[in-house]
Amino acid sequence: MLGLCIGIGSSCTPKLGNTIVEDNMMFAQLQLRVAFDEIDYARTNESPESREKREKNGWGELTNPRNSEPDGSLHLVPSKDWTSGFFPGELWYIYEYTQNNFWKKKAQQHTDMLEQEKMNGKTHDMGFKMYCSYGNGYRLTQDERYKEILLQSARTLATRYKPAAGIIRSWDHNKNKWQCPVIIDNMMNLELLFWATRESGDSTYYNIAVNHARTTLKNHFRPDYSCYHVIDYDTSTGNVLKKNTHQGLSHESAWSRGQAWAVYGYTSCYRETNDTTFLNFAVNIADMIMERVKTDDAIPYWDYDAPVTEETPRDASAAAVTAAGFIELSTMVPDGKKYLDYAEKILKSLSSDAYLAKVGENQGFILMHSVGSLPNGSEIDTPLNYADYYYLEALKRVMDLKGINYKNI
């Protein structure tokens, strides 16, 4: 595992050791305390234009931070935003690590802002929003209210299932472009459905999740196990109409975060089903990632087919998701050490001065240098909440794998 020096303005080189969790969990606490002040400031100083837009569209109040804007301001989002659940998820991970009620109360506060989303059937992002927030909260508190909110969220997500095509519809926008778009990101929302079957005994959710995973496996991937971002379906026949990208370099390129969603998603599908088809697919995607990365530090460029230049952005969010997925995958296969070693290489890089923010800076975000949607000119080389969430999740998985005791700091 890896070590890291912490201090305002400090500079050091991470080394192998036994302190990756302690050092970085301590750093995360320092940054999240900064984030609370930044959130208060951003709410108080919301522009009239932003407030008018929210009210006009019925988006409700601002909830949690998503990213840092180019002008250095903090971008807060309403609960409907697909990223709204990651920040409370981070707080639950810190509470789990510290067992400090300060973090529990903060996690509850930022989770409760999202309850209305349990009825929002206009999005596939229930896993991201509700399972990362309420799911972690229920895992740690067994709060029955959280359970009911999660079950309702699963019921709502299930309404987006298209039986003839065997998929869960992802987006409702761009109807002039796609009839029924399904994005690879949707693999990350299946855990909520698997959970719902375990908790309710209703196999409907399980069957929907498995069908979606199988259909995605069939249609989203190329022979080299790279994946398309968007597949458009005819919902009456199940036929594939288009194979596109929305956030990658081109329709035929391998968008880095899409590959990360894929390896993470199929690893979790194997955990939930014991179907070796999913495990073998996760292994093939993981091997593709390791073969295609063009950087010495294992932090991929924003697209695996992007040109290699000094100006080409890296994507720390893709790296963090990949690391979390690889750590779990390493426990499932005989040669798992190579995936764990690769995940630790990623974590070593993310924990270096090149990607880890300095204490008190970066609007309270932990990591720098992520990419949201470069083709759309959005969130380029910026901190993103989901990069931080999966970074902390990867640290938690290291703890669980290595048997590191949770401790109160």
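Trainee: Let's start with the empty space. How much of it lies in the largest cavity?

Mentor: About 80 Å³ of space lies in the largest cavity. Keep in mind that this is a predicted model.

Trainee: How many cavities of 30 Å³ or more does a search of the whole structure find?

Mentor: One cavity of that size turns up.

Trainee: Which residues line the largest cavity?

Mentor: Among them are Leu-32, Ala-35, Pro-65, Leu-74, Phe-87 and Glu-90. From much later numbers you get Gln-363, Gly-364, Phe-365 and Ile-366, along with Asn-385 and Asp-388. Helices H1 (20-44), H3 (86-98) and H13 (385-402) are the elements that give two or more residues to that lining.

Trainee: And how do the residues of that lining divide by class?

Mentor: Seven are nonpolar, three are polar and two are charged.

Trainee: OK, on to the pockets. What volume does the largest pocket have?

Mentor: About 1400 Å³. Its lining takes in 49 residues, and those nearest the centre are Arg-66, Val-77, Lys-80, Asp-81 and Trp-82.

Trainee: Which elements give two or more residues to the lining of the largest pocket?

Mentor: On the helix side, H1 and H2 (48-57). The strands are E3 (62-68), E4 (74-78), E10 (370-373) and E11 (378-382). E4 gives the largest share of the lining, with five residues.

Trainee: What's the class split for the lining of the largest pocket?

Mentor: You have 20 polar, 16 charged and 13 nonpolar residues there.

Trainee: And how much space lies in the second largest pocket?

Mentor: That one holds about 560 Å³. It is lined by 29 residues, with Tyr-93, Glu-191, Arg-271, Glu-393 and Arg-397 closest to its centre. At least two lining residues come from each of the helices H5 (126-141), H7, H9, H11 (316-330) and H13. H5 has the largest share, eight residues.

Trainee: How do the residues of the lining of the second largest pocket divide?

Mentor: Into 13 nonpolar, five polar and eleven charged.

Trainee: That brings me to salt bridges. What does the count come to?

Mentor: It comes to 30. Take Arg-198 and Glu-272: their closest N and O atoms are 2.6 Å apart. Arg-198 sits in helix H7 (residues 190-200) and Glu-272 in helix H9 (residues 256-273), so this bridge ties together parts 74 residues apart in sequence.

Trainee: Is Glu-272 buried or exposed?

Mentor: Glu-272 has a relative accessible area of 18%, and it counts as buried because the cut-off is under 20%. Arg-198, with 48%, is partly exposed.

Trainee: What does Arg-214 meet in a salt bridge?

Mentor: The side chain of Asp-275, at 3.7 Å from N to O. Those two also come from distant parts of the chain: Arg-214 is in H8, while Asp-275 is in the loop between H9 and helix H10 (276-292), 61 residues apart. Some bridges share partners, and these join Glu-191, Arg-198, Arg-271, Glu-272, Glu-328, Glu-393 and Arg-397 into one network.

Trainee: Hang on, which of the residues closest to the centre of the second largest pocket did you list?

Mentor: Glu-191, Arg-271, Glu-393 and Arg-397 were among them, and those four names turn up in the network too.

Trainee: Got it. What about Arg-145, which residue does it form a salt bridge with?

Mentor: With Asp-112, the closest N and O atoms being 2.8 Å apart. Arg-145 belongs to helix H6 (residues 144-158) and Asp-112 to helix H4 (residues 101-112), 33 residues apart. Arg-145 is partly exposed at 35%, and Asp-112 is partly exposed at 34%.

Trainee: Back to H8. How many residues does it have?

Mentor: H8 (residues 203-219) has 17 residues and reaches 24 Å from its first C-alpha to its last, close to the 24 Å expected. Its buried residues include Tyr-205, Ile-208, Ala-209, Val-210, His-212 and Ala-213.

Trainee: Let's pick Val-210. What is it in contact with, leaving aside its neighbours within four places in sequence?

Mentor: Phe-194, Thr-273 and Phe-278. Val-210 counts as buried at 7% relative accessibility. Phe-194 is 16 residues away from Val-210 in sequence, and their C-alphas are 8.9 Å apart.

Definitions and conventions: Residues are numbered from 1 along each chain as its sequence is written. This is a predicted model: local features need pLDDT of at least 70, side-chain atom pairs count only at pLDDT 80 or more; totals for chains, interfaces and linings use all residues. Side-chain values use heavy atoms; hydrogens and water are left out. Helices (H or I, at least four residues) and strands (E, at least two) are DSSP runs, numbered from the N terminus. The expected span of a helix is 1.5 Å times one less than its number of residues. Buried means under 20% relative accessible area, exposed over 50%, partly exposed in between (1.4 Å probe, protein chains only). On a 1 Å grid over the protein atoms alone, a cavity is a set of points where a 1.4 Å probe fits but cannot get out, and a pocket is an open set with protein on both sides within 12 Å along at least five of seven lines; lining residues have an atom within 4 Å of a point. Grid points are joined across faces, edges and corners, and a volume is the space filled by probe spheres set on the points. Ala, Val, Leu, Ile, Met, Phe, Trp, Tyr, Cys and Pro count as nonpolar, Asp, Glu, Lys and Arg as charged, and the others, Gly among them, as polar. Contact means heavy atoms within 4.5 Å.
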